[in-house]
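Colleague: I would like to learn how to read strand pairing in a model, moving from single residues up to the whole sheet. Could we work through an example together?

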Amino acid sequence: MLKKMGYKKIDIAQDGLECLEKLKKNYYDILLLDLRMPKVSGIDVAKEMKTLYLSESARPYTIILTCSSLPEDRELCLSLGMNNFI
C-alpha cells in the first residue's frame with residue numbers, strides 16, 4: 001500500500017528495540033508504531049523520539065496503531081508528540 005502511494009523505502013522492525021536502532025541510523029517520513037510492541041513499547045519509542053529529534057518538525061509523522069480504545073492511551077500518545085492514533 002505504501003509503495004503504491006509513492007514511498008520508495010520501507011523498513012519493518014520486529015520490535016520496539018529494533019525500531020529505535022533503525023531510527024538512529026535512518027530518517028523516515030512516516031512511522032507506524034504499535035502501542036504495545038515487544039521489548040520496547042510504542043510509548044517508550046515515542047519518548048525516545050523526543051530526544052532523537054529535538055525539533056518537533058524534524059520528527060517523522062507518527063501514527064500509533066492499537067486495539068486500545070482507552071481515551072487515556074490516546075491522550076498520552078498525542079501528548080508525546082504522536083500525530084495520530086488509530
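Colleague: Which residue in β2 does Leu 33 stand opposite?

Modeller: In this predicted model, Leu 33 faces Ile 64 of β2, and elsewhere in β2 it is Tyr 61 that stands opposite Ile 30. These strands, β1 (residues 30–34) and β2 (residues 61–65), run parallel and are joined by five bridges.

Colleague: What is the bridge partner of Ile 64 in β3?

Modeller: That partner is Phe 85, so Ile 64 has Leu 33 opposite it in β1 and Phe 85 as its bridge partner in β3, if one takes the strands as pairing when at least two bridges are found between them. Strand β3 (residues 84–85) runs parallel to β2, and two bridges join them.

Colleague: How should I think about the side chains along such strands?

Modeller: As a general idea, side chains in a regular strand alternate between the two faces of the sheet.

Colleague: In what order do the strands lie in the open sheet?

Modeller: The three strands have the order β1-β2-β3, with parallel pairing; β1 and β3 are the edge strands, each pairing on one side only.

Colleague: Which helices belong to the β-α-β units, and what is the handedness of each unit?

Modeller: Helix α2 (residues 42–52) forms a right-handed unit with β1 and β2, while helix α3 (residues 71–79), together with β2 and β3, makes a right-handed β-α-β unit as well.

Note on methods: Residues numbered from 1 in each chain as written. Predicted model: local features only at pLDDT ≥ 70, side-chain atom pairs only at ≥ 80, totals over all residues. Heavy atoms only, no water. Helix = DSSP H or I, 4+ residues; strand = E, 2+ residues; numbered from the N terminus. Right-handed = clockwise from strand over helix to strand, strands pointing away.
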